[in-house]
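This report is written for a reader who has not met the structure before. Please look at the sequence and the model first, then read on.

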Amino acid sequence: MNIQENKNTVFAAVEAATQEANCPKNSVSVIAVTKYVDSSLAKELVKAGVQHIGENRVDKFLDKYQALSSENVTWHLIGSLQRRKVKEVINYVDYFHALDSVKLAEEIHKRAAKPVKCFLQVNVSGEESKHGFSVDEIDAALEAMLHLDKVELVGLMTMAPFEASHEELDAIFSKTEKLRKELAARKIPHMPFTELSMGMSGDFTEAIENGSTFVRIGTAFFR
């Protein structure tokens, strides 16, 4: 495993996909998902030029946050967050990618010392195993969050089925981008909806084609 070579390969592939999609240079941020590696490998990634680190679990997030405290890192919590765990982690998070209930938003608002950039998780594919709001639930959820000004809804996050075809990926990701544009056009206070978090190691090309601004890549860094 050569972390520097893998980082260069991943970043080159994302840059190529960005150019192919006619998106501005550096408009897509690469989040290195480090849930399967220890803090020393995560630090190697940062030394190799990775700025964004993503973790799924609160305990692993806090371990790496402490181990990399001297590094210039933007921290992403990308997994489901239990309400009882919010107070432990939320003030160390730069971006939270899995806001999937109004009650969780209320807890974040209660515990956060400052506004937290959050992605509203939407279940566009309709998979029963996926968390997130259905498209039909979004309007009521946003209405309920209007007074929660410490929850800054910067965008949408979605995940496609693991075995989805190119056509299925394109349909899911394009629907999510269309929804993001509709929400952004409303110009709701503390809900800019300028970003899209979608795409992982196997489908980031299709995600970028459809407007993703954050891709979450793990395995490709650690081959």
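The text below goes from the whole protein to one helix, then to aromatic rings and some single residues.

## The protein as a whole

The model is predicted. Its secondary structure comes to eight helices and eight strands. The C-alpha trace spans about 50 × 40 × 30 Å along its principal axes. A compact globule of 223 residues would have a radius of gyration near 17 Å, and the value for this protein, 17 Å, agrees with that. Buried residues make up 48% of the 223 residues. Of the contacts between residues at least 6 apart in sequence, 57% join residues at least 24 apart.

One pair of residues gives an example of parts that are distant in sequence. Glutamate 20 and threonine 205 are separated by 185 residues in sequence, while their C-alpha atoms are 9.2 Å apart in space. Glutamate 20 belongs to helix 1, which covers residues 3-20. With a relative accessibility of 64%, glutamate 20 counts as exposed.

## Helix 7

Helix 7 runs over residues 166-185, and its 20 residues should span 28 Å at 1.5 Å a residue. The C-alpha atoms at its ends are 28 Å apart, in agreement with the expected span.

Which residues of helix 7 are buried? They are Leu169, Ile172, Phe173, Thr176, Glu177, Leu179, Arg180 and Leu183. Viewed down the helix axis, these residues fall within an arc of 160 degrees, so they line one face of helix 7. The buried residues pack against helix 6 (138-145), strand 6 (151-157), strand 7 (195-197) and helix 8 (204-209). On the face turned away from the buried side, helix 7 carries the exposed residues Glu167, Lys178, Lys181 and Ala185.

Lysine 187 follows helix 7 and has a positive phi, near 55 degrees.

## Aromatic rings

A pair of aromatic rings is described by the distance of the centres and the angle of the planes. The structure holds eight aromatic pairs. Two of the pairs are set out in the table.

| Pair | Centre to centre | Angle between planes | Arrangement |
|---|---|---|---|
| Phenylalanine 119 and phenylalanine 214 | 5.7 Å | 75 degrees | edge-to-face |
| Phenylalanine 221 and phenylalanine 222 | 6.2 Å | 55 degrees | tilted |

In the edge-to-face pair, phenylalanine 119 lies in strand 5 (residues 116-121) and phenylalanine 214 in strand 8 (residues 214-217), so this pair ties together parts that are 95 residues apart in sequence. Phenylalanine 119 is buried, at 0% relative accessibility. Phenylalanine 214 is also buried, with a relative accessible area of 4%. In the tilted pair, phenylalanine 221 and phenylalanine 222 are both buried.

Elsewhere, ring pairs link Phe61, Tyr65, Trp75 and Tyr92 into a cluster. A charged residue also meets a ring: lysine 7 lies over the face of phenylalanine 11, at 4.4 Å from the ring centre.

## Three asparagines in loops

Asparagine 22 sits in the loop between helix 1 and strand 1 (29-33). Is asparagine 22 buried or exposed? At 70% relative accessibility, asparagine 22 counts as exposed. Most residues other than glycine have a negative phi. Asparagine 22 is not a glycine, yet its phi is positive, about 60 degrees.

Asparagine 26 is found in the loop between helix 1 and strand 1 as well. This residue, too, has a positive phi although it is not a glycine; the value is about 65 degrees. Asparagine 26 is exposed, with a relative accessible area of 69%.

Asparagine 123 is placed in the loop between strand 5 and helix 6. Its relative accessible area is 14%; asparagine 123 is therefore buried, since buried means under 20%. Which residues is asparagine 123 in contact with, leaving aside its neighbours within four places in sequence? They are Lys130, His131, Gly132 and Phe133.

## In brief

The predicted model has eight helices and eight strands. One face of helix 7 is lined by its buried residues, and the face turned away carries exposed ones. The ring pair of phenylalanine 119 and phenylalanine 214 ties strand 5 to strand 8. In the loop between helix 1 and strand 1, asparagine 22 is exposed, and so is asparagine 26.

Technical notes: Residues are numbered from 1 along each chain as its sequence is written. This is a predicted model: local features need pLDDT of at least 70, side-chain atom pairs count only at pLDDT 80 or more; totals for chains, interfaces and linings use all residues. Side-chain values use heavy atoms; hydrogens and water are left out. Helices (H or I, at least four residues) and strands (E, at least two) are DSSP runs, numbered from the N terminus. The expected span of a helix is 1.5 Å times one less than its number of residues. Buried means under 20% relative accessible area, exposed over 50%, partly exposed in between (1.4 Å probe, protein chains only). The arc is that of the directions from the helix axis to the C-beta atoms. Contact means heavy atoms within 4.5 Å. Rings of Phe, Tyr and Trp (its six-membered ring) pair if their centres lie within 6.5 Å; planes under 30 degrees apart count as stacked, over 60 as edge-to-face and the rest as tilted. A charge sits over a ring if NZ of Lys or CZ of Arg is within 6 Å of the ring centre and within 35 degrees of the ring normal. The radius of gyration is taken over C-alpha atoms; the globule rule is 2.2 Å times the number of residues to the power 0.38.
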